[in-house]
Each structure stands twice: as structure tokens, then as C-alpha cells.
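Reader: I have this model open beside its sequence and would love a close look at one part of it. Could you pick a helix, start there, and then walk me through what surrounds it in your description?

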Amino acid sequence: LLTGKKRFGELQSSLEGISPRTLSIRLRELEKDCIIDRKAYPVIPLKVEYSLTKSGRELHRIIEKMAEWGEKYKDC
């Protein structure tokens, strides 16, 4: 979601091997924790888009730092 809004199908195809049920559960958890926003449009068929909240975007820096740390100490 760092690159912008995504629909469920886009997220699923970008996350190899995740089941629709698991993805749906994770998205609900992230929404409950205010990491992502879910916007449903009143059209048929239903259109839903997911995007990062401000706090979700701020997590990117933390995750990058954790990855750097992991890379630095992976052989210890």
C-alpha cells in the first residue's frame, strides 16, 4: 500500500500464497489498529479500496530500520 490505494484482488495477487480468508482477516485487523483505511463505494458490484493511514505510512520507516538491523546482524 506504500504505492497507493489497492483493491482486494490487487493485494491478493501481490502477496503470493495468501488465502483470501487470511488476507481478509489481516486487513480487518490492520483497519481496527488504524494502520489502513477501508473505503467501500456504493456501487454494484461492491468496490472497496484500501490505503495506508498516516500512522501506517510512518511504520514504513520503522520497518526499514528493522530490515537494516536484521541485515547487519544476520550472521551473528
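Author: Happy to. Lys54 is part of helix 3, which covers residues 54–72. Please keep in mind that this is a predicted model. With a relative accessible area of 57%, Lys54 is exposed, since the cut-off for that class is over 50%. For a feel of distance, take Lys54 together with Ala67: 13 residues separate the two in sequence, and their C-alpha atoms are 21 Å apart in space.

Now to the aromatic residues. The structure holds one aromatic pair. The pair is made by Trp69 and Tyr73, whose ring centres are 5.5 Å apart; their planes meet at 50 degrees, so the pair is tilted. Trp69 has a relative accessibility of 57% and therefore counts as exposed. Tyr73 counts as partly exposed, because its relative accessibility is 38%.

Let us turn to the sheet. It is an open sheet of three strands in the order 1-3-2, and the pairing is antiparallel. At the edges stand strand 1 (6–7) and strand 2, each with a single partner strand, so one side of each has no neighbour in the sheet. Strand 3 is mostly covered, with five of its six residues buried.

The pairing can be followed residue by residue. Strand 2, residues 36–41, and strand 3, residues 47–52, run antiparallel to each other and are paired over six bridges. Together strand 2 and strand 3 form a hairpin, with five residues between them. Two of the bridge partners are easy to find on your screen: Lys39 is matched with Glu49 in strand 3, while Ala40 is matched with Val48 in strand 3. Strand 1 also pairs with strand 3 in the antiparallel sense, here over two bridges. Look at Glu49 again for this one, as it is the bridge partner of Arg7. Glu49 in strand 3 is thus a bridge partner of both Lys39 and Arg7.

There is a ring contact to look at here too. The charged end of Lys47 sits over the ring of Tyr41, at 4.9 Å from the ring centre.

Finally, the largest pocket. Its volume is about 220 Å³. A total of 13 residues line the largest pocket, and those nearest its centre are Leu1, Leu11, Leu15, Leu27 and Leu30. Helix 1 (8–14) and helix 2 (20–32) are the elements that give two or more residues to this lining. Helix 2 contributes the most, with four residues. By residue class, the lining of the largest pocket has ten nonpolar residues, one polar residue and two charged residues.

If you would like to retrace the tour, begin at exposed Lys54, move to the tilted pair of Trp69 and Tyr73, pass on to the sheet with its order 1-3-2, and end at the largest pocket, where Leu1, Leu11, Leu15, Leu27 and Leu30 lie nearest the centre.

Note on methods: Residues numbered from 1 in each chain as written. Predicted model: local features only at pLDDT ≥ 70, side-chain atom pairs only at ≥ 80, totals over all residues. Heavy atoms only, no water. 1 Å grid on protein atoms, 1.4 Å probe; cavity = no way out; pocket = protein on both sides within 12 Å on 5 of 7 lines; lining within 4 Å. Points joined across faces, edges and corners; volume = space filled by probe spheres on them. Nonpolar A, V, L, I, M, F, W, Y, C, P; charged D, E, K, R; others polar. Pairing = 2+ DSSP bridges. Phe/Tyr/Trp six-rings, centres within 6.5 Å; stacked < 30°, edge-to-face > 60°. Buried < 20%, exposed > 50% of the residue type's maximum accessible area, 1.4 Å probe, protein only. Lys NZ or Arg CZ within 6 Å of the ring centre and 35° of its normal.
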